[in-house]
Amino acid sequence: MKDSCNRLATLISALCLILFISGCSANDNKDTLHSLYFPHIASNTKWDTEVCLINTSGINPLKGTLTAFSDSGAQTSQKAVELAPHARVQFIVSTDFTSPEGIGYMIFKADAPDVAGYMKFYIESNYRGAIPAVARINTGSLSIPHIASNKKWWTGLSLLNTTNRPKTLTFEFNDGTTLTRTIDPNEHQKFSIKSLFPQAPRPDIKSGMITGTSGVIGLMLIGSNPGVGNRYLGGMLLTDQTDTDLYFPHIARFKKWWTGIIVYNPSSSPARLTIAPYRANGNPLPPQTIDVAPETKYQKAAKDMKFEPGTAWFRVSSDQAVTGLEIFGTKDRKRLGGYACVNISKSRGVFPKLEKQGMTGIALVNIQDKPVTVTLEAFTDSGEKIASRSYPLNPHQKLISPAQSLLPDDISSATYIGYWATHPVVGFQLNSSKDGMLLDALPGL
């Protein structure tokens, strides 16, 4: 009897300990901070960077701290940020942070996950490019779907080790070249593809993979070399994400613009691509089939893809998981904007900036085989909603317009547009400066 009582007491004590630990875990989870990374900052005598944060919740305020770090991971400065529901804030690094030239990256730690943002890199009156901030840490290998390193173009990589241990990264390029590079805990490294081959130019390198990158985030920028007469700049995040369906929601007019398409097959097996084009009203057009070899890319200008007249957008389906990007440029060689096309479909999102000294164009595509209703809402930096409008979209129908024309009221005081849809859609925005010299693109965040 005594042994039974002792066993019962031991069992009760164990259960109490489990409940206590569970309770502590639950409380710990409530106190967890959510991180949004800006893995590259450039602010010096040549470059500057714009950083934006948006509270995507329409109910709860958001509090957090935006911390700047040097390339080695040392904290350089910090800002407390409080955002009302739907509120937005943007910073210019050179004027809003101390010692901006010493900042390599930033991390925003918030008390809730409802936050989106972007980085915008620019050389004033020359070119600029925008890339989403990072909420998800990579766990697998990173694809580099496009590399241009020659007399006309440079390609730069920016990598941040978010872990507390060093990483040895292996670079495997399409021509079989393999290199290794070590990145220390919390270190940020930035370098050009050209710098990896100081002995000779390597224009034959077109794409690649980086392995050993669990816990590493980063981005790539592609721009025009000085003196070649072009003012092009674009980029994308480097991620481990792939998909069997990619969406290219716009084809620019051929007279003034060109549209570039890149689909990269990172697998060790050939990929068969089915390219399905659509008219703006959603009517399908004849599909095409393309085969892409392992660890290579399909690269084409839209005007050379033999689309029928009236093609407004297209989907690429693959029997292997792939990644890709879409690039728009002007034929006067002055403007370029692009974005990654992986996992950009969503039922809620934001177009995070309305251009004040220029124009913002927005495109939305219903990727479903059924009707979808999309509601657009314009907000000010303080979170005030000043306009709203809903659009019914037929299957595969496309909506495209300057932002001002999409809403019924004057939205000149608005700074961004939020959207929500009854089913996932794909959208992006193009921002152009008033003088037409600067352009950048972002998918819906």
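**Contacts, cores and confidence in a predicted model**

Student: Which side chain is joined to that of S432 by a polar contact?
Tutor: A polar contact is a pair of N or O atoms within 3.5 Å; within protein, one must be able to donate a hydrogen and the other to accept it, and residues adjacent in sequence count only if both atoms are side-chain atoms. At 3.1 Å, such a contact ties the side chain of S432 to that of R335.

Student: What is the mean pLDDT of the chain?
Tutor: This is a predicted model, in which local features need pLDDT of at least 70 and side-chain atom pairs count only at pLDDT 80 or more, while totals for chains, interfaces and linings use all residues. Residues are numbered from 1 along each chain as its sequence is written, and side-chain values use heavy atoms, with hydrogens and water left out. The predictor's confidence in each residue, pLDDT, runs from 0 to 100. In this chain 92% of the residues reach 70 or more, and the mean is 91.

Student: How many contacts beyond four places in sequence does the model have for residues 8–31?
Tutor: A contact means heavy atoms within 4.5 Å. Over residues 8–31 the pLDDT stays under 50. For that stretch, the number of contacts beyond four places in sequence is zero.

Student: Is S432 buried or exposed?
Tutor: S432 sits in strand β29, residues 416–433, and among the residues it touches are R128, E355 and L439. Buried means under 20% relative accessible area, exposed over 50%, and partly exposed in between (1.4 Å probe, protein chains only). With a relative accessible area of 8%, S432 is buried.

Student: How many strands does the chain have?
Tutor: Helices (H or I, at least four residues) and strands (E, at least two) are DSSP runs, numbered from the N terminus. Next to three helices, the chain has strands numbering 30.

Student: What is the radius of gyration of the chain?
Tutor: The radius is taken over C-alpha atoms, and the globule rule is 2.2 Å times the number of residues to the power 0.38. For 445 residues that rule gives 22 Å, and the chain comes close to it, so it is as compact as a globular protein of that length. The radius of gyration itself is 24 Å.

Student: Which strand gives the most to the largest nonpolar core?
Tutor: A nonpolar core is a set of buried Ala, Val, Leu, Ile, Met, Phe, Trp, Tyr and Cys residues joined through side-chain atoms within 4.5 Å. The largest one has 39 residues, of which F38, L53, L66, M106 and F108 touch the most other members. With five residues, from within 105–110, the top contributor is strand β6.

Student: How many disulfides does a search of the whole structure find?
Tutor: A disulfide is a pair of cysteine sulfur atoms within 2.5 Å. C52 is buried at 0% relative accessible area, and C341 is buried too, at 1%. Across the whole structure, the number of disulfides found is zero.

Student: Where is H86, the residue with a positive phi, placed?
Tutor: Most residues other than glycine have a negative phi. H86 has a phi near 65 degrees and is buried at 18% relative accessibility. Its place is the loop between β4 and β5 (88–92).

Student: What is the relative accessible area of R333?
Tutor: R333 also has a positive phi, near 65 degrees, and lies in the loop between β22 (313–330) and β23 (336–340). R333 counts as partly exposed because its relative accessible area is 41%.
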